[in-house]
Amino acid sequence: MDFEYHLPSHLLFGCGVVDRAGAEAAKYGKRALIVTGRSSAKQSGLLDRVIASLTEAGVAHVVFDRVAQNPLTDTVMEGAALGRAEGCDVVVALGGGSVMDAAKAIALMCVCEGDISDYVLRHRTPRPILPLIAVPTTCGTGSEGNGTAVLSDARTKDKRGMRSDCCIPSVSIVDPLLMQTMPKAVLASVGFDALCHNMETLLSRKCHPFAAQMALRGMELAARHLPAVYGGSEDREDWEGIALASTLGGMAIYSASVVAPHGMEHPASGLRDIAHGRGLAALTPVIYERSLDAAPEPFETIAKALGGKTAADCPDAVRRFLEQIDLNVTLSQQGVLEEDVDWMTENCFQVSQMMLQNHPCVLTKEDVRAIYRAAL
Ligand SMILES: [Fe+2]
């Protein structure tokens, strides 16, 4: 066995910790660029709450609120231009995975020359980026726990991950109570993403003991607490459980990597702008069905966490879990067409090579094409 584990992170976790955002930001700068989406943090009152916290700590602020689902490289360049023009010296991300990923890239482009696409392709950043305070408002991506950012290019439709230790947030503030305002459909989608990060870590060829421990715990927490919060629980233990599952999953995939379901989902959401977790829901059981023989042990572990008994139970155990959160969906229900299959297959082998290589079995282009068809 040999592996490398490296994750310098400063994480605050707990109900109410969001009110420490200002004090944490003040350790890093005097003028914050708040990166958020168009509406949710405003409607919930969270944006005002964080602004009050910053003001109290003596930190001025500018708001960039143009990040949408499947964030675009163009949006990143727009946010960075605002940050530079306003002389911001710290970035505060307030939102879900799209916002945090965009904020990482904005913090990078506030100090680096050129276009963000250059850095996405190079998979590295040349110098420290602006300090980033990440405040997740969803429980799925785990972006607060790693240095990965996934961005889409509107021209090529490529959805690619960028990965660098420079993009690990200086401080992540994980407050489970912030996640209670998510619409139910969003909760199901992001929560399933969190479960997938943990399951895929266990399946990855790069899985190692540190990542496996995080993923086992994250998987168990997501399996138990996602159906509870989806069912309407307001119990703190349930919200803490799903929030922790999300952060653990984000940390686990940073060194172990995700595998084929993520690799195949990115072309679908890059092309048709579908919600990441819904794309994963359509693809995961089909991919698992065709991969069982290659990794019987982790598939058995996953099946058991979801109420099954043997590795062979795993795909149906995932389907039963999806039924509990009303997420038994197909790709065609999300706008993917039969004629998209060839493009997605080719694109998968361009943008997701690493994820396919980490998958427990070899998937050929024919396999990938057949899986997309079966998931339509
Ligand atoms: Fe994901």
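Trainee: Which residue forms a salt bridge with K42, and how far apart are the closest N and O atoms?

Mentor: This is a predicted model, and in it the partner of K42 is D65. K42 lies in helix α2 (residues 40-43) and D65 in strand β3 (residues 60-67), so the pair ties together parts that are 23 residues apart in sequence. The residue asked for is therefore D65, with the closest N and O atoms 2.7 Å apart.

Trainee: Is K42 buried, partly exposed or exposed?

Mentor: Buried means under 20% relative accessible area and exposed means over 50%, with partly exposed in between. The relative accessibility of K42 is 38%, so K42 falls in the class between those two cut-offs. Its partner D65, at 24%, also counts as partly exposed, and the answer for K42 is partly exposed.

Trainee: Which residue meets the side chain of R66 in a salt bridge?

Mentor: R66 stands in strand β3, and the pair links distant parts of the chain, with the other residue in helix α4 (residues 73-85), 12 residues apart. R66 is partly exposed, with a relative accessible area of 38%, while the value for the partner, which is partly exposed as well, is 37%. The N to O distance is 2.7 Å, and the partner is E78.

Trainee: In the salt bridge of E24 and K27, which residue is buried?

Mentor: The two side chains meet at 3.1 Å, N to O. K27 has a relative accessible area of 57%, which is over the 50% cut-off, so K27 is exposed. The other side chain has a relative accessibility of 5%, which is under 20%, so the buried residue is E24.

Trainee: Which residues coordinate the iron ion?

Mentor: Along the chain the donors follow the spacing D-x3-H-x64-H-x13-H. H262 lies in helix α10 (residues 260-272) and H276 in helix α11 (residues 276-289), so this pair ties together parts that are 14 residues apart in sequence. Both are buried, H262 with a relative accessible area of 3% and H276 with 18%. The donors, at 2.1 to 2.2 Å, belong to D193, H197, H262 and H276.

Trainee: What is the arrangement of the four donor atoms around the iron ion?

Mentor: Four donors count as tetrahedral if all angles lie between 85 and 135 degrees. Around the iron ion the angles run from 82 to 170 degrees, which makes the arrangement irregular.

Trainee: How many salt bridges does the count come to?

Mentor: Besides the pairs already named, there is a network of salt bridges that links D74, D153 and R155. The count comes to 20.

Technical notes
Residues numbered from 1 in each chain as written. Predicted model: local features only at pLDDT ≥ 70, side-chain atom pairs only at ≥ 80, totals over all residues. Heavy atoms only, no water. Donors = N, O, S within 2.8 Å, 3.2 Å for Na, K, Ca; no water. Tetrahedral: all angles 85-135°; square planar, octahedral: opposite > 155°, others 65-115°. Helix = DSSP H or I, 4+ residues; strand = E, 2+ residues; numbered from the N terminus. Buried < 20%, exposed > 50% of the residue type's maximum accessible area, 1.4 Å probe, protein only. Salt bridge = Lys/Arg side-chain N within 4 Å of Asp/Glu carboxyl O.
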